[in-house]
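Please read the sequence and the structure side by side before going on. The paragraphs that follow begin where two chains meet and then turn to one of them.

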Amino acid sequence: MYRLEEIKRAAQGMWSLIAGLNITGKYFLQPNVTIHYPRQEVDNLATFRGHIELIPEDGDPLTPRCISCGTCAKACPSGCITVTKQKAPAPTPEEVEQGIKPKAPKDPETFRLDFTLCSLCGQCVMSCPADAIKFSQNINIAGYSRQDFYFDLVARLRSRLPKHINKAE
Amino acid sequence: MIDPQLLRILIALVGILGFVALNALALVYAERKIAGHVQRRPGPYEVGPHGILQPLADALKLMGKQLTTPRDADPVIFWLAPILCFMPVALCILPIPFGPNLIALDLNLGMVLILAFAGLGVLSICLAGWGSNNKWGLLGAARAVAQNVAYEIPLLLAVLSVAFMTGSLNLATITEGQGTWPWQWNVLLNPLGFIIYFICALAETNRAPFDLPEAESELTAGFHTEYSGMGFGLFFMAEYANMIVACSVATVLFLGGWNGPFAPGWWWFLLKMYALIFLIIQIRWTYPRVRFDQLLNLCWRWLVPLALLNLVYVTIIVKL
Ligand code: SF4
Ligand code: SF4
């Protein structure tokens, strides 16, 4: 009885081998599902998580929406964000006369990201009260040294400006 | 005055070496393309149109690499092994009849010659593993020996069943013994023999799913772990040349050799041979590697008894 059982199993095994060949044979004839990367790109880049970047204010592409509150730096499990606030400008003569102390602008002086430590977890994006951070869609990021991945996101936002203006036109 | 037979063999050897080298290039490309398309990706694509020059680039790379001998390895054995692996394969192709008159060496015992020299392949793998003074190499070599010794037996029994039917070990005679039409070929008269031969040929050529001597996941690269450049290249060529030998023999023994409806000739032979090679490649990209106990179980508990039963069956149909 045991032998018969084993022979039956072997026959099933043989059949499964043929089924396997059938599947790979079919796949062989079907079109490719991959793309030729440097010449083509996938169409779902919107879901890609690149390094984080600052979102500018509506209507003012120079200034980030960020209010330098530091919540993101606290939320980041890898400790890779450092936000420094701007100092208040020196009071003008009129302000001195009127005894008003000038307010420091809200947006940060620098927003440092150490991308070598970032795990792209998204805690900073979720925690930001001003919705000022998003993931970039920069898929081709590469560098020659570790220092290439220490970003100042404020400077980065400004440096990308001309492109923005071009796009707007 | 040079003996014409000697001259013929020399010319044939040169031709065979060229054929084997060209085939190795073509088959590497075919293998990678088929692997790609089975996994629904394009395979090599960048070098030349559709990557057609990729094998040439690979070959150049292999030839340009430095040959290193590992410390404490036995240099004589270490470098003898790849040469010993490749040379017998060329001899194995000598007695194969590609066409009615396209045969380098018409031997009465051609099949025996092939089997004898195919056996040398194991020796070279054994030497390679032993000589490289590397644990992966040694384990791969041990596996190769256990596997090849085991599978030689059902392989021989399957070949024997064909020899019973034809009454000859001459490959040309065996081809002529089969008719023009597919139903006159041995594969339909003796299907079990063909299946057993084919499985054993996979194991003998160390092709997946029986590529245990070079199982990457466990043994890095098995017996050729330590080989660089053309040392590895020779093993690589020998693997593809072995596939050609195994498929050619299968074509002669079971698929009617050069016989075929409409214009028999070497094209039928090549067509059948390449169809078998395609199947072997597809098998590699379909089945997972077997475990070692499964491999030996399959051989001793299934293939050997079945091959013996098949012999009985063949003697009965020969008698009838
Ligand atoms: S994605 Fe995560 S790890 Fe990266 S900066 Fe934001 S909070 Fe830190
Ligand atoms: S990015 Fe958002 S959370 Fe971080 S400092 Fe600016 S406003 Fe605060």
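How many residues of chain A are in contact with chain B, and how many residues of chain B are in contact with chain A? In this predicted model, 19 residues of chain A are in contact with 17 residues of chain B. Between them the two chains bury about 1700 Å², and carbon and sulfur atoms give 60% of that area. On the side of chain B, 39% of the area buried against chain A is supplied by B:Arg40, B:Tyr287 and B:Trp302, which is more than any other three residues supply.

Turning to chain A itself, one finds 6 helices and 7 strands, and these follow one another along the sequence in the pattern α-β-β-β-α-β-α-β-α-β-β-α-α. Of the contacts in chain A with a separation of 6 or more, 74% are between residues 24 or more positions apart.

The overall dimensions of chain A can be read in two ways. Its C-alpha atoms fill a box of roughly 105 × 40 × 30 Å along the principal axes, and its radius of gyration is 28 Å, whereas a compact globule of 169 residues would have one near 15 Å.

As for burial and surface, 25% of the 169 residues in chain A are buried, while the accessible surface of the chain comes to about 12100 Å², with carbon and sulfur atoms accounting for 57% of it. Chain A also carries 21 positive and 18 negative charges, and the mean positions of these two sets lie 9 Å apart.

Methods
Residues are numbered from 1 along each chain as its sequence is written. Chains are lettered from A and ligands numbered from 1 in the order in which they are written. This is a predicted model: local features need pLDDT of at least 70, side-chain atom pairs count only at pLDDT 80 or more; totals for chains, interfaces and linings use all residues. Side-chain values use heavy atoms; hydrogens and water are left out. Helices (H or I, at least four residues) and strands (E, at least two) are DSSP runs, numbered from the N terminus. The radius of gyration is taken over C-alpha atoms; the globule rule is 2.2 Å times the number of residues to the power 0.38. Buried means under 20% relative accessible area, exposed over 50%, partly exposed in between (1.4 Å probe, protein chains only). Contact means heavy atoms within 4.5 Å. Accessible areas come from the Shrake-Rupley method with a 1.4 Å probe; for residues, only the protein chains shown count as cover. Lys and Arg count as positive and Asp and Glu as negative; His and the chain ends are not counted. The place of a charge is taken as NZ of Lys, CZ of Arg, CG of Asp or CD of Glu. Buried area is the accessible area (1.4 Å probe) that two parts lose on being put together, summed over both.
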